[in-house]
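These are notes for a colleague who is meeting this structure for the first time. Please read them with the model open alongside.

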Amino acid sequence: MSGTSTEGAETRTVFLLAHTGRPAAVRSAELVVQGLLRSGLGVRVLDEEAVDLPLPPSVQIAEAKPDAAEGCELLVVLGGDGTLLRGAEFARASGVPMLGVNLGRIGFLAEAERDDLDKVVDRVATRSYEVEERMTLDVLVRNDGHVVHRDWAMNEASVEKASRERMLEVVTEVDGRPVSRFGGDGVVCATPTGSTAYAFSAGGPVVWPEVEALLMVPISAHALFAKPLVTAPDSVLAVEVQPATPNGVIWCDGRRSVELPAGARVEVRRGAVPVRLARLHHASFTDRLVAKFALPVAGWRGAPQ
């Protein structure tokens, strides 16, 4: 899904989120705030970040609540992958599109780099961006038949062992049918967006974001059949922690966790609420993949003209 914002100029406000613990992020945030204000846009920042930024009185200060970006036209995030995933929490809660500027290493969710700050401000001011939706995951944890926890993820929900000493014994399931039992470090359930994150590190495939699918990737499994699976987008994935195994833990996007007692069951399905991303470029995902991972492409000739 794509489109552009149609809000009136008099009400245009940009929510800015930055990793203010890094000096480079503080300086970048200052430049973006100054540029947006010069362009006649309002700016809103979190109260916990405002204390680290020299801000003029016209900047709005908001409490760090899920709806902090409510009413804004755009959420601009300055930082690495962790900050971008934090921004996704605000973007999902408010429905505001998120535009990421990478100040970290890889930043697959980012649309621009540190050197592009002036261009980012200009494109935001002129509404020269498109918006696309990315799949999310809804996560349900059951214990003794009762739902004990609900969560969501943009990249992945990973069921992992809680201690290094012993393997986690699990049985995986797809659409109500068992697939395999194995011991290992755990299982990653991911979206296509998350295929280049934890799932990739665990040996999963890279899935283009336009593909609607769910991924299930075992982590260091001791089994003859423990291959990554790519399922339909409306499939329901489940991981059952076996009764005789140590406790596990589930992590959502590496940011939120809850303990999984032996016998717990985790169900993962396509999320009801997507995350909206603002895009400045029409570059293909292939080019993004090559650039982010610095893949060698010397010798490529391309199709005959």
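1. Contact here means heavy atoms within 4.5 Å. Leaving aside neighbours within four places in sequence, T231 is in contact with V174, A213, L214 and L237. T231 is found in strand β15 (residues 229–231), strands being DSSP runs of E with at least two residues and helices runs of H or I with at least four, numbered from the N terminus. T231 is buried, with a relative accessible area of 13%, where buried means under 20%, exposed over 50% and partly exposed in between (1.4 Å probe, protein chains only).

2. This is a predicted model, in which local features need pLDDT of at least 70 and side-chain atom pairs count only at pLDDT 80 or more, while totals for chains, interfaces and linings use all residues. Residues are numbered from 1 along each chain as its sequence is written, and side-chain values use heavy atoms, with hydrogens and water left out.

3. The largest nonpolar core (buried Ala, Val, Leu, Ile, Met, Phe, Trp, Tyr and Cys residues joined through side-chain atoms within 4.5 Å) has 30 residues, of which L16, L36, V76, L78, L99, V101 and V124 touch the most other members. At least two residues of this core come from each of β1 (13–18), α1 (23–38), β2 (42–46), β4 (74–79), β5 (98–102) and α4 (117–125), and α1 gives the most, with six.

4. Apart from its neighbours within four places in sequence, V101 has contacts that include V76, L78, L84, A110, L117 and V120.

5. A second, separate core of 24 residues includes L137, V141, V170 and V239.

6. V297, found in the segment after α6 (285–293), is partly exposed, with a relative accessible area of 48%.
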